[in-house]
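Biologist: Could you walk me through this protein, one question at a time? I am new to reading models, so please take it slowly.

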Amino acid sequence: MEWSMMFVFNSVLLGVGLAMDAFSVSMANGLNDPKMKKAKMCGIAGVFAGFQCAMPVIGWICVHTIIQYFTAFGKFIPWIALVLLAYIGGKMLYEGIRGTDSEKGNQSLGIGALLIQGIATSIDALSVGFTIAEYGWLMALAAALIIAVVTFVICIAGLLIGKKFGTRLSNKAQILGGVILIVIGIEIFITGVF
């Protein structure tokens, strides 16, 4: 593929498709912390965008170097996403049902949980390395950066939507956020396996 508006358009569409899981998780994070500051929102969206940028590049590298190992790994991607999102969602669900006090009910998202969410929502982007395999190194990097920018914008939107409804739902937000994460994990699993 040559450098063109079609390349940019295809990369943006790819970014939108890949960012949908991160959008949903961002919405759940916004529900869980309706008083989240703008800097934290940018940090969360940045983590998701960073993983969505890195995974296609890693996939591209795998296609050009260790294809036989990556093909074997591909069938585990839905399982990994399911386990990671079910763990985080289950923890949120348990804490929401357990009925902690109102201050504890809207716990801040820790860096460990955020990194797990980033990996779980972007691991399917490894397969994008196959899609962009015919690109040269610079074009693959440009596509990954476009995907990252699209993901960042979409995640900010998800966080804002989650914050708005999180304020209204207050004590039920953590339960809803946990259910959303589990459903996303199941969706990734079903889509990847079947």
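Modeller: Happy to! One term first: a polar contact is a pair of N or O atoms within 3.5 Å, where one must be able to donate a hydrogen and the other to accept it. Please also keep in mind that this is a predicted model.

Biologist: Then let me use that term. Which residue has a backbone oxygen 2.9 Å from a polar atom of the side chain of Ser-11?

Modeller: Ser-11 lies in helix H1, and at 2% relative accessibility it counts as buried because the cut-off is under 20%. Away from its sequence neighbours, Ser-11 touches Ala-143, Ile-146 and Ile-147. The backbone oxygen that lies 2.9 Å from a polar atom of its side chain belongs to Phe-7.

Biologist: What kinds of elements make up the chain, and how many of each are there?

Modeller: Reading from the N terminus, the elements run α-α-α-α-α-α-α-α-α. The secondary structure therefore comes to zero strands and nine helices.

Biologist: How confident is the predictor, and where is confidence lowest?

Modeller: The mean pLDDT of the chain is 81, and 85% of its residues reach 70 or more. Confidence is highest in H2, at 91. Over residues 101–106, pLDDT stays under 50, and the model has eight contacts beyond four places in sequence for that stretch. Confidence is lowest, at a mean of 44, in helix H5.

Biologist: Back to H1. Where is its kink centred?

Modeller: At its N-terminal end, H1 is capped by Ser-4, with a side-chain oxygen 3.3 Å from the backbone nitrogen of Met-6. At 1.5 Å a residue, the 28 residues of H1 should span 40 Å, and its end C-alpha atoms are 39 Å apart, so the two values agree. H1 also has a kink of about 45 degrees, and the residue at its centre is Ala-19.

Biologist: Is Asn-10 buried, exposed or partly exposed?

Modeller: Asn-10 lies in helix H1. Its C-alpha atom is separated by 9.9 Å from that of Ile-147, a residue 137 positions apart along the chain. Its relative accessible area is 29%, which lies between the 20% and 50% cut-offs, so Asn-10 is partly exposed.

Biologist: Which residues does Gly-15 touch, not counting residues up to four places away in sequence?

Modeller: Gly-15 is in helix H1, and it counts as buried because its relative accessibility is 0%. The C-alpha atoms of Gly-15 and Ala-49 are 34 residues apart along the chain and separated by 9.7 Å. The residues that Gly-15 touches are Ile-147, Val-150 and Thr-151.

Biologist: Let's follow Thr-151, then. What is it in contact with, leaving aside its neighbours within four places in sequence?

Modeller: Thr-151 has its place in helix H8. At 0% relative accessibility, it counts as buried. Its contacts are Gly-15, Ala-19, Ala-22, Phe-48, Ala-49 and Gln-52.

Biologist: Which helix gives the most residues to the largest nonpolar core?

Modeller: In soluble globular proteins, nonpolar side chains tend to be buried together. The largest nonpolar core here has 46 residues, and those with the most contacts inside it include Phe-7, Tyr-135 and Leu-181. Helices H1, H2, H4, H6, H8 and H9 each supply at least two of its residues. With eleven residues, the helix that gives the most is H8.

Biologist: And which residues belong to the second, separate core?

Modeller: This second core stands apart from the largest one and has five residues. Among them are Ala-49, Cys-53, Val-57 and Ala-144.

Biologist: How far apart are the C-alpha atoms of Met-55 and Ala-144?

Modeller: Met-55 lies in helix H2 and is buried, with a relative accessible area of 10%. Beyond its sequence neighbours, Met-55 touches Ser-122, Ile-123, Ala-125 and Leu-126. Met-55 and Ala-144 are 89 residues apart along the chain, and their C-alpha atoms are separated by 8.3 Å.

Biologist: One last one: which residues of H6 are buried?

Modeller: H6 has twelve residues and reaches 16 Å from its first C-alpha to its last, close to the 16 Å expected at 1.5 Å a residue. Across the whole chain of 194 residues, 46% count as buried. In H6, the buried residues are Leu-114, Gln-117, Gly-118, Ala-120, Thr-121 and Ser-122.

Technical notes
Residues are numbered from 1 along each chain as its sequence is written. This is a predicted model: local features need pLDDT of at least 70, side-chain atom pairs count only at pLDDT 80 or more; totals for chains, interfaces and linings use all residues. Side-chain values use heavy atoms; hydrogens and water are left out. A nonpolar core is a set of buried Ala, Val, Leu, Ile, Met, Phe, Trp, Tyr and Cys residues joined through side-chain atoms within 4.5 Å. Buried means under 20% relative accessible area, exposed over 50%, partly exposed in between (1.4 Å probe, protein chains only). Helices (H or I, at least four residues) and strands (E, at least two) are DSSP runs, numbered from the N terminus. pLDDT is the predictor's confidence in each residue, from 0 to 100. Contact means heavy atoms within 4.5 Å. The expected span of a helix is 1.5 Å times one less than its number of residues. The bend at a residue is the angle between axes fitted to the seven residues ending there and the seven starting there.
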